[in-house]
Amino acid sequence: MTDSRQTTLVLGGTGRTGSLVARKLIGRGLKARTASRHGADVVFDWDDPTTHARALDGVDRVYLVTPVMRVTYAGLVSDFLDLAAGAGVRHVTYLSTYGSDQAPPEVDIRAVELDLARRGALTYSILRPAWVMQNFVDEHVPVVEGAITLPTRGGAEAFVDAADIAAVAVETLVEPDAHAGAEYAPTGPQSLTVSEVADVIAEVTGESVTRNDIDPEAWVGGAVAAGFVPADYAVMLRWLTGTIISGNGSRPNGDIEKVTGRQPTTFQDFARRNAHAWTLQEAK
Ligand SMILES: NC(=O)c1ccc[n+]([C@@H]2O[C@H](COP(=O)([O-])OP(=O)(O)OC[C@H]3O[C@@H](n4cnc5c(N)ncnc54)[C@H](OP(=O)(O)O)[C@@H]3O)[C@@H](O)[C@H]2O)c1
């Protein structure tokens, strides 16, 4: 890449990986512009295309976080990528999800991957991370009254720290040519069942934590009924939990070490660092 601007537009810039990607890029001497609807450097709303051109002004690379909690967005993203290429963007690092390469092309998360691969005007890297560990300390899968409610049966997942995903993303954005066309699946170093996650949280907080292995349909229906996700997102919830239930959850691999030179964070270390968050959850 010969462009000297070296400015990254970080979509989802206030989110769990985007905020860290921006901070780490600046630490590496590059410019980063966070973008989201609220509280970022620039206002960016997927549903308001008038915000897109300004966000892209002077940018030569993009950390792509697509609309969250949605199933239909590939057309919107394609239009944005057209605009980005025209505005001088030469590399996109896309935050996809684990196993999306197995999804049919009409599923939007896969359609965006295929769209990127077809474009000649820019290079791309795809990240397909496992479930992030942060799910257990925020509103996604909180500990409520001493229990984690998630329908995963005895299935395991190689939960990964969002900071490790961000570290991989940053390498691809700092040296896009070295990671052009690369596909990485950041995972944690251990496959853990949710019962094992509960045991670790109990150990670091000193509180009793159990797991509630709810019926999958009751869990999905409850999430929709409570307004946590739109009704059409139920299909994604079924897919995300179904892969774990069927024993096809993510498995540890060496991608984080290969790209960053560092070992991925263990759930024990993550839990020790975040023990206060569970104490606060229980105090609510
Ligand atoms: N959660 C996991 O375990 C996991 C695992 C693998 C992959 N992923 C993928 O990672 C991506 C990010 O998910 P996340 O749950 O970690 O979320 P997140 O990045 O922590 O938060 C979402 C970000 O997107 C912004 N955003 C939301 N709606 C937007 C809109 N309409 N226009 C512009 N920006 C918007 C939010 O800011 P504002 O609300 O201020 O706009 C926020 O910065 C998703 O594509 C997900 O599939 C997640």
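**Exercise 1. Find which residue of β4 is the bridge partner of T8, then place β4 in its sheet.**

Step 1. T8 has R61 as its bridge partner in β4. Strands here are DSSP runs of E with at least two residues, helices are runs of H or I with at least four, and both are numbered from the N terminus. Before going on, note that this is a predicted model, in which local features need pLDDT of at least 70 and side-chain atom pairs count only at pLDDT 80 or more, while totals for chains, interfaces and linings use all residues. Residues are numbered from 1 along each chain as its sequence is written.

Step 2. Strand β1 (residues 7–11) and β4 run parallel and are joined by 3 bridges. Two strands pair if DSSP finds at least two bridges between them.

Step 3. Now move on to strand β5 (residues 91–95), which pairs with β4 in the parallel sense over 4 bridges. Here Y63 has T93 as its bridge partner in β5.

Step 4. From β5, 5 bridges lead to the parallel strand β6 (residues 123–127). Y94 and its bridge partner I126 in β6 are an example.

Step 5. Put together, the open sheet has 7 strands in the order β3-β2-β1-β4-β5-β6-β10, with parallel pairing. Its edge strands, β3 (42–43) and β10 (183–184), each pair on one side only.

**Exercise 2. Work out which way the residues of strand β4 (residues 61–64) point, and which helix belongs to its β-α-β unit with β5.**

Step 1. Recall that in a regular strand the side chains alternate between the two faces of the sheet.

Step 2. In β4, R61 and Y63 point one way, V62 and L64 point the other way, and all are buried. Buried means that 20 or more other C-beta atoms, placed from the backbone, lie within 10 Å of the residue's own; exposed means 12 or fewer, and partly exposed is in between.

Step 3. The helix is α3 (residues 74–86), which makes a right-handed β-α-β unit with β4 and β5. Right-handed means that, with the strands pointing away from the viewer, the path from the first strand over the helix to the second runs clockwise.

**Exercise 3. Explore the largest nonpolar core and the contacts of A169.**

Step 1. This core has 70 residues, and those touching the most other members are L11, V21, V62, Y63, Y94, A166 and A169. Its largest share, 9 residues, comes from helix α5 (residues 162–174). A nonpolar core is a set of buried Ala, Val, Leu, Ile, Met, Phe, Trp, Tyr and Cys residues joined through C-beta atoms within 7 Å.

Step 2. Leaving aside neighbours within four places in sequence, A169 is in contact (C-beta atoms, placed from the backbone, within 7 Å) with T17, V21, Y63, T93 and L127.

**Exercise 4. Locate M69 and R153, and say how exposed each one is.**

Step 1. Most residues other than glycine have a negative phi. M69 is not a glycine, yet has a positive phi of about 55°; R153, also not a glycine, has a positive phi of about 50°.

Step 2. M69 sits in the loop between β4 and α3. M69 is exposed because 11 other C-beta atoms lie within 10 Å.

Step 3. R153 is in the loop between β8 (147–149) and β9 (156–157). With 14 other C-beta atoms within 10 Å, R153 is partly exposed.

Conventions
Contact = placed C-beta atoms within 7 Å.
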